[in-house]
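Me: I should like to work through a structure by question and answer. Please reason from the coordinates in each reply.

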Amino acid sequence: MSNDNISIHDFDFNLICDYFSHVERQGPGSPEVTLQALSFIEPLTETAHIADIGCGTGGQTMTLAQHCPGEITGIDLFPHFIDLFNRNAAAHNLQPRVKGIQGDMAALPFGEEELDLIWSEGAIYHIGFEKGLNEWRRFLKRGGFIAVSEASWFTVERPAEINDFWVNAYPEIDTISRKVSQMEKAGYVPMATFILPENCWTEHFYAPQVAVQEMYLQQHAGNSTAEMLIREQRRERELYDRYKEYYGYVFYIGKKI
Ligand code: SAH
């Protein structure tokens, strides 16, 4: 492919992925929260097959793997994240049963009723919460579980500034009760929901980005797309500080019946 064929979107995507490959997590979360979500899942066996969809570099996957048996396949669209994921698995001595593959969440490479558990932190929004729940269901065995985290409103009304920001970024953001009802409608028993604590954003997501932003701006000095990306990340953080009572990430855990 010649450079002429690379669209600005591909270029942006590479810049974004490059930026996020420098941090352990690509979305809000923490090891404690991963384990809290896992506590709602019925015990798995060594023959279990788990998929972590939109796994990124695998921060949460390694936590999961250290606390449950079975084989885990991490899937992400971005090959560089998968390289880092597989290095991460090897560094944790988990490579025999934790494997990252490049793939698209809209065309998962699993068979019908192959999976015991579908995991996805901060990623289902790429396909859309409702669509993801509906399309991924067929890959789960009956009695299998799904655990996803998703941006959600905490209140029915909120200030226009934050409302407009999110509706523009992710129009499917909605209240917890609406998301639970979508989960029910998609054919799952809603087993649990809980709001991720603030430190998943501040300590685990935004704080590690501060040093990366400085390095990144130096590395891409004069690149207006890179500068815009950092400006957007900083603005997102400011908005979070100002409006965190109104929204956040919520874990939704469901069981296929
Ligand atoms: N689960 C990780 C990463 C969340 S960021 C964490 O919590 O840290 C969302 C991830 O979804 C990114 O790694 C991005 O590359 C991936 N992604 C985006 N679109 C995708 C698609 N269509 N199929 C698979 N992965 C995708």
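**Aromatic residues, core and ligand**

Reply: In this predicted model, Phe165 is buried, its relative accessible area being 19%.

Me: Which kind of aromatic pair do Phe165 and Trp166 form?

Reply: Trp166 likewise counts as buried, at 10% relative accessibility. The ring centres of Phe165 and Trp166 are 6.0 Å apart and the planes stand at 85°. Pairs with planes over 60 degrees apart count as edge-to-face, so the pair of Phe165 and Trp166 is edge-to-face.

Me: Is Tyr19, which pairs with Phe20, buried or exposed?

Reply: The structure holds 22 aromatic pairs. One of them joins Tyr19 and Phe20 edge-to-face, with 4.9 Å centre to centre and 85° between the planes. Phe20 has a relative accessible area of 10% and is buried. Tyr19 has 1% relative accessibility, and the cut-off is under 20%, so Tyr19 counts as buried.

Me: Which strand gives the largest share of the largest nonpolar core?

Reply: The largest nonpolar core has 79 residues, and those touching the most other members include Trp119, Trp166 and Ile253. Its largest share, 7 residues, comes from strand β5 (residues 140-153). In soluble globular proteins, nonpolar side chains tend to be buried together. Ile253 touches, among others, Phe145, Ile146 and Ala147. The strand asked for is β5.

Me: How much of the ligand's accessible area does the protein cover?

Reply: The ligand is surrounded by 17 residues, the closest being Gly54, Asp76, Asp104, Met105 and Glu121. A polar side-chain atom of Arg25 lies 2.9 Å from an oxygen atom of the ligand, and a polar backbone atom of Gly54 is 2.9 Å from a ligand nitrogen atom. Of the 570 Å² of accessible area that the ligand has on its own, the protein covers 93%.

Me: Where does Asn93, with its positive phi, lie?

Reply: Most residues other than glycine have a negative phi. Asn93 has a phi near 60°, a positive value. Its relative accessible area is 62%, and Asn93 is exposed. Asn93 lies in the loop between α4 (79-91) and β3 (98-102).

Me: What is the relative accessible area of Glu113?

Reply: Glu113 also has a positive phi, near 55°, and is placed in the loop between β3 and β4 (115-120). Glu113 is partly exposed, with a relative accessible area of 41%.

Note on methods:
Residues numbered from 1 in each chain as written. Predicted model: local features only at pLDDT ≥ 70, side-chain atom pairs only at ≥ 80, totals over all residues. Heavy atoms only, no water. Helix = DSSP H or I, 4+ residues; strand = E, 2+ residues; numbered from the N terminus. Buried < 20%, exposed > 50% of the residue type's maximum accessible area, 1.4 Å probe, protein only. Core = buried A, V, L, I, M, F, W, Y, C linked by side-chain atoms within 4.5 Å. Contact = heavy atoms within 4.5 Å. Near = heavy atom within 4 Å. Polar contact = N/O pair within 3.5 Å; in protein donor to acceptor, adjacent residues only side chain to side chain. Areas by Shrake-Rupley, 256 points an atom, 1.4 Å probe, with all protein chains shown as cover. Phe/Tyr/Trp six-rings, centres within 6.5 Å; stacked < 30°, edge-to-face > 60°. Lists of a residue's contacts leave out its neighbours within four places in sequence.
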